[in-house]
Amino acid sequence: MILIVDDIKANIIALKKTLELHDIEVDTAESGEEALKKILKTNYCLIIMDVQMPGLDGFEVVKILSGNKRTKEIPVIFLSAISIEKKYIFKGYETGAVDYVTKPVDIDLLILKVKTFIKIYEQKNELRVMKDLLSKEIKIRKEAQDNLEIKIAERTKELVLKNEELELKNHELQQFSWVVSHDLNEPIRKIQIFIKIIKELYLVDDEKAIDYVDRTVKSAERMQTLITDLLAYSRLSSKVEPEKTDLNVVLQEVLSDFDYLIERKNAVIKTSELPVIDSIPSQLRQVFQNLIGNALKFSGNVETPVIKITSELIKTKDFDGEVSPDGKYCRIIVADNGIGFDEIYLDRIFIIFQSLNDRQTYEGTGIGLAIAKKIIEKHNGLITAKSQSGKGASFIMVLPLKYEN
């Protein structure tokens with residue numbers, strides 16, 4: 001809405017009718033005093049003000065408006081047929097008017113100016129609304145962020161405490177495992193010793209008793225192996241710093257340990273050059289020991305067991321990663337020509353205590369591959385297997401050359 005201020009009623013009526021023909025909402029005042037009262041109660045987008053009026057003239061009214069925080073932004077157009085001298089026009093601009101129009105008025109130009117100021121007023125209102133909405137949104141988001149930061153800090157503190165508690169319990173568990181394994185191993189060793197003494201001194205001619213004693217000894221050995229494997233598995237959770245490791249040295253140590261069994265089985269071991277990587281040597285030694293030990297154990301009735309250990313550098317941490325001399329990962333394959341297994345059981349073979357074979361025929365605790373998987377994962381690597389029953393098995397490992405924290 002715009003406000004027309006003029007002490008001559010005929011001027012007000014003429015201008016009002018003209019503006020209303022252009023769908024412009026109009027309010028009127030016949031004096032400066034009346035105009036001030038209306039302006040304080042109503043928001044106007046534009047004021048068309050006569051200059052010379054009894055009481056407060058147009059200049060005085062605009063000066064009052066410019067001194068008020070709420071009304072100083074209202075645009076004012078002075079419209080006068082009497083005060084057309086330059087000094088009045090300058091004074092009009094000095095008091096804060098946006099325009100000074102003298103009569104006779106170009107009505108089309110005046111309508112265009114009025115519509116422009118109405119448009120500016122509407123845009124200002126839209127911007128004000130958007131600003132208010134944006135301020136509210138910022139406030140809401142800041143409150144949400146503050147709440148989130150508080151929750152994150154609380155959760156972080158809680159996780160730190162839980163982590164410290166877990167580390168303490170883990171340490172206690174390792175201590176417990178060591179004590180238990182020691183306390184369990186000691187009576188088993190004594191059982192083995194006394195059973196062997198009984199066998200040698202008192203059961204020389206009793207074949208049935210000797211058979212029972214041999215079974216007891218084997219059971220005790222299996223129990224001892226199980227305790228040793230469980231202890232090895234529990235120790236994997238302890239933190240050890242990795243170091244530069246030549247896997248060729250590690251492999252040769254493992255093959256040296258299996259010298260007797262390799263010779264007895266007439267096995268052929270084929271190896272390629274292995275890389276130097278960041279690792280925990282003792283743990284990777286355990287992996288090779290378990291995989292090669294399984295290959296020898298499950299060689300079946302093959303006349304010449306063949307075990308191949310090969311390696312190649314690859315670009316990505318993926319079993320099918322592309323071979324590259326600049327690769328950041330290595331793919332190591334331990335393959336044999338033994339009894340193999342059906343791949344439908346692939347998910348089972350890496351789970352602790354899972355065994356696919358008859359333990360009477362093939363001794364074992366079902367922990368070896370679970371240990372291997374846990375070690376490889378601790379090194380930020382991958383392990384899987386490919387096999388067919390009766391056609392051997394291939395265990396595939398992917399390891400980073402550099403330690404990834």
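A residue counts as exposed when its relative accessible area is over 50%, and as buried when that value is under 20%. The structure above is a predicted model, and Ile 344 in it has a relative accessible area of 65%, so Ile 344 is exposed. Ile 344 is found in the loop between strand S10 and helix H10. Its C-alpha atom is separated by 9.8 Å from that of Ser 387, a residue 43 positions away along the chain.

From this loop we can turn to the sheet at the start of the chain. Five strands form an open sheet in the order S2-S1-S3-S4-S5, and their pairing is parallel. Strand S2, residues 26–29, and strand S5, residues 99–102, are the edge strands, each pairing on one side only. On average, neighbouring strands of this sheet are turned by 20° against each other, ignoring direction. Within the sheet, strand S3 (residues 46–49) and strand S4 (residues 76–80) are paired in the parallel sense over three bridges. In this pairing, Ile 47 stands opposite Val 76 of S4. Helix H2, residues 32–41, lies across S1 (2–5), S2 and S3, and runs at about 140° to S2.

Strand S4 also takes part in an aromatic contact. Two aromatic pairs are found in a search of the whole structure. In one of them, the ring centres of Phe 59 and Phe 78 are 5.2 Å apart and the ring planes stand at 75°, so the pair is edge-to-face. Because Phe 59 belongs to helix H3 (residues 58–66) and Phe 78 to strand S4, the pair ties together parts that are 19 residues apart in sequence. Both partners are shielded by the protein: Phe 59 has a relative accessible area of 4% and is buried, while Phe 78 is buried at 0%.

The other pair joins Phe 350 and Phe 395. Their ring centres are 6.3 Å apart and the planes are at 85°, so this pair is also edge-to-face. Phe 350 sits in the loop between helix H10 (346–349) and helix H11 (368–378), and Phe 395 sits in strand S12 (residues 393–400); the pair thus links distant parts of the chain, 45 residues apart. Phe 350 is buried, with 11% relative accessibility, and Phe 395 is buried as well, with 7%. The Phe 350 ring has a further neighbour, since Lys 373 lies over its face at 5.8 Å from the ring centre.

Phe 395 leads into the nonpolar interior. The largest nonpolar core has 39 residues, and Phe 395 is among those with the most contacts inside it, together with Phe 288, Ile 292, Ile 309 and Met 397. Two or more residues each come from helices H7 (247–257), H9 (281–297), H10 and H11, and from strands S9 (306–314), S10 (329–336), S11 (382–387) and S12. Helix H9 gives the largest share, seven residues. Met 397 shows how these parts meet: leaving aside residues up to four places away in sequence, this residue touches Val 287, Phe 288, Leu 291, Cys 330, Arg 331, Ile 332, Val 334, Ile 376, Leu 382 and Ile 383. A second core, separate from this one, has 20 residues, including Leu 3, Ile 39, Tyr 44 and Val 51.

Methods. Residues numbered from 1 in each chain as written. Predicted model: local features only at pLDDT ≥ 70, side-chain atom pairs only at ≥ 80, totals over all residues. Heavy atoms only, no water. Pairing = 2+ DSSP bridges. Helix = DSSP H or I, 4+ residues; strand = E, 2+ residues; numbered from the N terminus. Axes fitted to C-alpha atoms, helices over the stretch in contact; angles between N-to-C directions. Contact = heavy atoms within 4.5 Å. Phe/Tyr/Trp six-rings, centres within 6.5 Å; stacked < 30°, edge-to-face > 60°. Buried < 20%, exposed > 50% of the residue type's maximum accessible area, 1.4 Å probe, protein only. Lys NZ or Arg CZ within 6 Å of the ring centre and 35° of its normal. Core = buried A, V, L, I, M, F, W, Y, C linked by side-chain atoms within 4.5 Å.
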